[in-house]
Amino acid sequence: MDTAWLEDFLALVDLGHFSRAAEQRNITQPAFSRRVRALEDWVGTPLFDRNELPVTLTAAGESFRPLAEETLRRLFQGRETAREAGRLSAATVRIAATQTLSVSFFPNWVRTIAGFERIQATIDLTGAHMAACEQTMLRGEAQFLLCHDHPGSTHMLASEQFLSVHLGADVLLPVCAPRPDRSGPLFELPGAPDAMVPLLSYTSASGLGRILASVQAVERSGASAKPIFSTHLTSVLVAMARDGHGMAWAPLSVVADDLECGRLVRAGGPQHEVPVEIRLYRSRARQSPAAESLWALVAGARQAVRSDVAARVML
């Protein structure tokens, strides 16, 4: 069995479409389908129900999924452990972060971690879309994942094999450019019944895109929205919205300055906003001393905040 088959399996579980999963795995759809079939032949039973879209797991597939996740994680983590044992360089803490948070959140967050300088480690930050970050974590190539999260959205780390801690809050809100006369938004939800709202959207590889899809933000807005552009890059969506190409849901942490100076305006009321969390994920397995030190600082800071809040409530 090829370990790439397990990565294919998990990509298809996550995306639900052969074409999207093949694109994420950077191979053609026929080749991807053959590899999935080869895995099913190796297991000896169908793992996916192909009679509906998105494709779903069979009972056998459901039972095989945690084994595939654990096997990949342990295999790649074992490789990283072996590599670390042979390194003579300074300790490195590897963090995978969604590109949005790597710019808008990470720099300020690091400065707030009391005792961070005592870790004596090099921080290796990799920014990518959520799908790539998940694969990086499952392969053991990163010790932590920094991402936006929402109770209604699912991802590969939402299992008992991983721990997470709440770091902050954000909100996704619809924004667009103002009208030329500054009298209101260029596009407004829900919009006129006979007018299509041009939608600047996230791809399925984006964690924010998954969140918006899970809460059905577009459908619940009541708008006749027409997707005209998609990307996993929040910065590109915001730039497109700023230039008047359409409306986009974007994190308040990213567009706050644009809203304050009027380059962007809200395209809908509070009912169209989506509250989200910022969370840090890690594997339950023992990490390197430097990574465990960082986790202890972060988890300890969150515990201190909760204890302070509880004390105030009692007073």
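Okay, let's start with a definition: when the angle between two helix axes is under 35 degrees, we count the helices as roughly parallel. Keep that in your head, and keep in mind too that this is a predicted model.

So, the pair that needs that definition is H10 and H11. Helix H10 covers residues 234-242, helix H11 covers residues 252-261, and they pack at an angle of about 25°. That is under 35 degrees, so H10 and H11 are roughly parallel to each other. Their axes are 11 Å apart, and the crossing is right-handed. Who does the touching? On the H10 side we have Thr234, Val238 and Arg242, and they meet Val254, Val255 and Asp258 of H11. Sort the residues of that contact by type and you get 3 nonpolar, 1 polar and 2 charged.

Now let's jump to the start of the chain, where helix H1 packs against two other helices. By the way, two packed helices are described by the angle between their axes and the distance between the axes. You'll hear me use that pair of numbers again.

First partner: H2. H1 is residues 3-15 and H2 is residues 18-25, and the angle here is about 130°, with the axes 9 Å apart. What do we call that? H1 and H2 are oblique to each other, because 130° falls in none of the ranges for roughly parallel, roughly antiparallel or roughly perpendicular. The crossing of H1 and H2 is right-handed. From H1, the contact uses Ala4, Glu7, Asp8, Ala11, Leu12 and Leu15, and from H2 it uses Phe18, Arg20, Ala21, Gln24 and Arg25. That contact splits into 6 nonpolar, 1 polar and 4 charged residues.

Second partner: H3, residues 29-43. The axes of H1 and H3 come within 9 Å and cross at roughly 110°. The range from 65 to 115 degrees counts as roughly perpendicular, so that's the label for H1 and H3. On the H1 side you'll find Ala4, Trp5, Leu6, Asp8, Phe9 and Leu12, while H3 brings Phe32, Arg35, Val36, Ala38, Leu39 and Trp42. What kinds of residues make up this contact of H1 with H3? They are 10 nonpolar, no polar and 2 charged.

Right, from helices to single residues. I picked three.

Let's take Arg210, which sits in helix H8, residues 207-214. Is Arg210 buried or exposed? Its relative accessible area is 12%, and buried means under 20%, so Arg210 is buried. Leaving out residues up to four places away in sequence, Arg210 touches Asp14, Met130, Ala131, Glu134, Ser153, Thr154, His155, Ser204 and Ala205. Have a look for Asp14 on that list: Asp14 lies within the residue range of H1.

Next, Glu80, in helix H4, residues 59-86. Glu80 is buried as well, because its relative accessible area is 5%. How far is Glu80 from Ala142 in space? C-alpha to C-alpha they are 9.2 Å apart, though 62 residues separate them in sequence.

Last one: Thr231, in strand S8, residues 225-231. Its relative accessibility is 11%, so Thr231 counts as buried too. A polar atom of the Thr231 side chain lies 3.2 Å from the backbone nitrogen of Leu233. Setting aside neighbours within four places in sequence, Thr231 is in contact with Ser201, Tyr202, Thr203, Val236 and Leu237. And Val236 and Leu237 fall within the residue range of H10, which is the helix I started with. Okay, that's me done!

Methods. Residues numbered from 1 in each chain as written. Predicted model: local features only at pLDDT ≥ 70, side-chain atom pairs only at ≥ 80, totals over all residues. Heavy atoms only, no water. Axes fitted to C-alpha atoms, helices over the stretch in contact; angles between N-to-C directions. Helix = DSSP H or I, 4+ residues; strand = E, 2+ residues; numbered from the N terminus. Parallel < 35°, antiparallel > 145°, perpendicular 65-115°, else oblique. Left-handed = near helix turned anticlockwise from the far one by under 90°. Contact = heavy atoms within 4.5 Å. Nonpolar A, V, L, I, M, F, W, Y, C, P; charged D, E, K, R; others polar. Buried < 20%, exposed > 50% of the residue type's maximum accessible area, 1.4 Å probe, protein only. Polar contact = N/O pair within 3.5 Å; in protein donor to acceptor, adjacent residues only side chain to side chain.
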